[in-house]
Amino acid sequence: RSSQLLQLHSSSQPMEGDEGAGCDPLRVHVTLPSGRGADLWLRPSATILDLKKAAQQSFQQGFLALFAPDGRRLDPADSLESANLGKEKHLTAYAQRVHVAATKRAFAVWCCGSSVVTWGDPQAER
């Protein structure tokens, strides 16, 4: 879905060449609790997941959760248009903690509620 991203940079205007994409880009300002922020330019048909990936790239921070100004956690499956972000489109991103567990021959990583990834020998004992 990288075609949904128009530009990813920290200025107040899209870079030259974006205006020919056939639609007006949306500027979404994402801020971390530290105060560090970025303006992200996306097509209106982009999803919250596209926005999340752009924010992760911009902040060089994996496992971000995006929240609307009213405190709602945004669903990655929603489009930017259907997410009701309001006129200003200012969001907050929170880094989520990643947990790791390991035995001698198997590993598990989990984050963000129920997302679990495992690898290694499934018969490995503790």
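**Notes on a predicted fold**

1. A good place to start is Lys-89, which sits in the loop between strand 4 and strand 5. Please keep in mind throughout that this is a predicted model. Is Lys-89 buried or exposed? Its relative accessible area is 18%, and the cut-off for buried is under 20%, so Lys-89 counts as buried. Setting aside neighbours within four places in sequence, the residues in contact with Lys-89 are Leu-26, Arg-27, Val-28 and His-29.

2. Now for the overall layout. The protein has 1 helix and 8 strands, and from the N terminus on the elements follow the order β-β-β-α-β-β-β-β-β. The protein counts 126 residues, of which 32% are buried. About 8000 Å² is exposed by the protein, with carbon and sulfur atoms supplying 49% of that area. Among contacts with a separation of 6 or more, 48% come from residues 24 or more positions apart.

3. Next, the nonpolar interior. In soluble globular proteins, nonpolar side chains tend to be buried together. Here the largest nonpolar core holds 22 residues, and the members touching the most others are Val-30, Leu-40, Leu-51, Leu-80 and Leu-91. Strand 2 (26-31), strand 3 (37-42), helix 1 (48-59), strand 4 and strand 5 each contribute at least two residues to this core. Which element gives the most? That is helix 1, with 5 residues.

4. Leu-51 deserves a closer look on your screen. Not counting residues up to four places away in sequence, Leu-51 touches Val-28, Val-30, Leu-40, Leu-42, Leu-66, Leu-80 and Leu-91. Val-30, Leu-40, Leu-80 and Leu-91 are named, along with Leu-51, among the core residues that touch the most other members.

5. Trp-41 belongs to strand 3. With a relative accessible area of 7%, Trp-41 is buried. Trp-41 and Leu-26 lie 15 residues apart in sequence, yet their C-alpha atoms are 5.5 Å apart in space. Leu-26 also appears in the contact list of Lys-89.

6. On to the aromatic rings. A pair of aromatic rings is described by the distance of the centres and the angle of the planes. How many aromatic pairs does a search of the whole structure find? The search returns 2. One is formed by Phe-67 and Tyr-94: the ring centres are 5.4 Å apart and the planes meet at 80 degrees, so this pair is edge-to-face. The pair connects distant parts of the chain, with Phe-67 in strand 4 (residues 64-67) and Tyr-94 in strand 5 (residues 90-95), 27 residues apart. Phe-67 has a relative accessible area of 21% and is therefore partly exposed. Tyr-94, at 40%, is also partly exposed.

7. Phe-107 and Trp-119 form an aromatic pair as well, and this one is stacked, with 5.5 Å from centre to centre and 20 degrees between the planes. Phe-107 comes from strand 7 (residues 106-111) and Trp-119 from strand 8 (residues 115-120), so to speak two distant parts of the chain, 12 residues apart. Phe-107 is partly exposed at a relative accessible area of 36%, and Trp-119 is partly exposed at 44%.

8. The strands that carry this stacked pair also take part in a sheet. Strands 6, 7 and 8 form an open sheet of 3 strands in the order 6-7-8, with antiparallel pairing. Which strands are at the edges? They are strand 6 (98-102) and strand 8, each of which pairs on one side only. Ignoring direction, neighbouring strands of this sheet are turned by 15 degrees against each other on average.

9. Finally, the link between strand 6 and strand 7. These two strands pair in the antiparallel sense over 5 bridges, and a hairpin of 3 residues joins strand 6 to strand 7. If you would like a specific pair to find, the bridge partner of Val-98 is Cys-111 in strand 7.

Notes. Residues are numbered from 1 along each chain as its sequence is written. This is a predicted model: local features need pLDDT of at least 70, side-chain atom pairs count only at pLDDT 80 or more; totals for chains, interfaces and linings use all residues. Side-chain values use heavy atoms; hydrogens and water are left out. Rings of Phe, Tyr and Trp (its six-membered ring) pair if their centres lie within 6.5 Å; planes under 30 degrees apart count as stacked, over 60 as edge-to-face and the rest as tilted. Helices (H or I, at least four residues) and strands (E, at least two) are DSSP runs, numbered from the N terminus. Buried means under 20% relative accessible area, exposed over 50%, partly exposed in between (1.4 Å probe, protein chains only). A nonpolar core is a set of buried Ala, Val, Leu, Ile, Met, Phe, Trp, Tyr and Cys residues joined through side-chain atoms within 4.5 Å. Contact means heavy atoms within 4.5 Å. Two strands pair if DSSP finds at least two bridges between them. Axes are lines fitted to C-alpha atoms, for helices over the stretch in contact, and angles run from 0 to 180 degrees between N-to-C directions. Accessible areas come from the Shrake-Rupley method with a 1.4 Å probe; for residues, only the protein chains shown count as cover.
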